[in-house]
Amino acid sequence: LVFVAVADVLAGVIQLQATIRPEAKAVVAQLQAQGFTLYIISGDQEAPTRQLAAELGIQHYFAGVLPADKADLVCKLQAEGHKVCFVGDGINDAIALRKADVSVSLRGATTAATDTAQVVLMNTDLRQLHTLLQLAQELDQNIALNFGVATAFSLLSGGSILFLHFKFA
């Protein structure tokens, strides 16, 4: 709530409420279908954070969290063996973005968030997370394949020299 006063007299109250991005529910559902566990770590009060979590279908949330405590929660999740991808857009997220295994922000976010994040989504559409995760998975598969081919070639070459006495010019 924001209280508005004129000449030291209460003139009114403005209630601020976070709006959910149009694509957020679909992105959350898609990430959960892929087996990701999602958390909301928010500086907002308990009631609006709980309502946001319920609307998005996210079971785990933390409300009233200070910026340094967001980073501590990221470290706690990592200590429990989780790989953490933190998506943030505010100055209050900068420390947590720095601590996360992967950090993502959006174009138009605060400078502190975009300067700290490892990935900045330029289209400001959260559906790009799916593309980002798909590219990361394909890169991982490509690296594994290349490592396997290089290892096999090295073993074949070394074995040929040692056991078959092949000579290479």
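1. A residue counts as buried when its relative accessible area is under 20%, as exposed when the value is over 50%, and as partly exposed in between. On that scale, 25% of the 169 residues of the chain are buried. The model is a predicted one, and the points below should be read with that in mind.

2. Start with the overall dimensions. The C-alpha trace spans about 95 × 30 × 30 Å along its principal axes. The radius of gyration of the chain is 24 Å, whereas a compact globule of 169 residues would have one near 15 Å.

3. Next, the surface and the contacts. About 11700 Å² of the chain is exposed, and carbon and sulfur atoms supply 59% of this area. Among contacts between residues at least 6 apart in sequence, 28% join residues at least 24 apart.

4. The charges can be summarised briefly. The chain has 11 positive and 15 negative charges, and the mean positions of the two sets lie 7 Å apart.

5. What does the secondary structure consist of? The chain has six helices and seven strands. Read from the N terminus, the order of the elements is β-β-α-β-α-β-α-β-α-β-α-β-α.

6. The two strands at the start of that order deserve a closer look. Strand β1 covers residues 2-6, and strand β2 covers residues 9-14. They pair in the antiparallel sense over five bridges, and Val6 stands opposite Val9 in β2. Together β1 and β2 form a hairpin with two residues between them.

7. Is strand β1 largely in the open or largely covered? Of its five residues, the number buried is zero, so β1 lies largely in the open.

8. Two loop residues have a backbone angle worth checking. Most residues other than glycine have a negative phi. Ala7 is not a glycine, yet its phi is positive, about 55°. Ala7 sits in the loop between β1 and β2, in the turn of the hairpin. Its relative accessibility is 73%; this is over 50%, so Ala7 counts as exposed.

9. The other residue is Thr124, which also is not a glycine and has a positive phi of about 55°. Thr124 lies in the loop between β7 (119-121) and α6 (128-163). Why does Thr124 count as partly exposed? Its relative accessible area is 25%, and a value between 20% and 50% is classed as partly exposed.

Note on methods
Residues are numbered from 1 along each chain as its sequence is written. This is a predicted model: local features need pLDDT of at least 70, side-chain atom pairs count only at pLDDT 80 or more; totals for chains, interfaces and linings use all residues. Side-chain values use heavy atoms; hydrogens and water are left out. Helices (H or I, at least four residues) and strands (E, at least two) are DSSP runs, numbered from the N terminus. The radius of gyration is taken over C-alpha atoms; the globule rule is 2.2 Å times the number of residues to the power 0.38. Buried means under 20% relative accessible area, exposed over 50%, partly exposed in between (1.4 Å probe, protein chains only). Contact means heavy atoms within 4.5 Å. Accessible areas come from the Shrake-Rupley method with a 1.4 Å probe; for residues, only the protein chains shown count as cover. Lys and Arg count as positive and Asp and Glu as negative; His and the chain ends are not counted. The place of a charge is taken as NZ of Lys, CZ of Arg, CG of Asp or CD of Glu. Two strands pair if DSSP finds at least two bridges between them.
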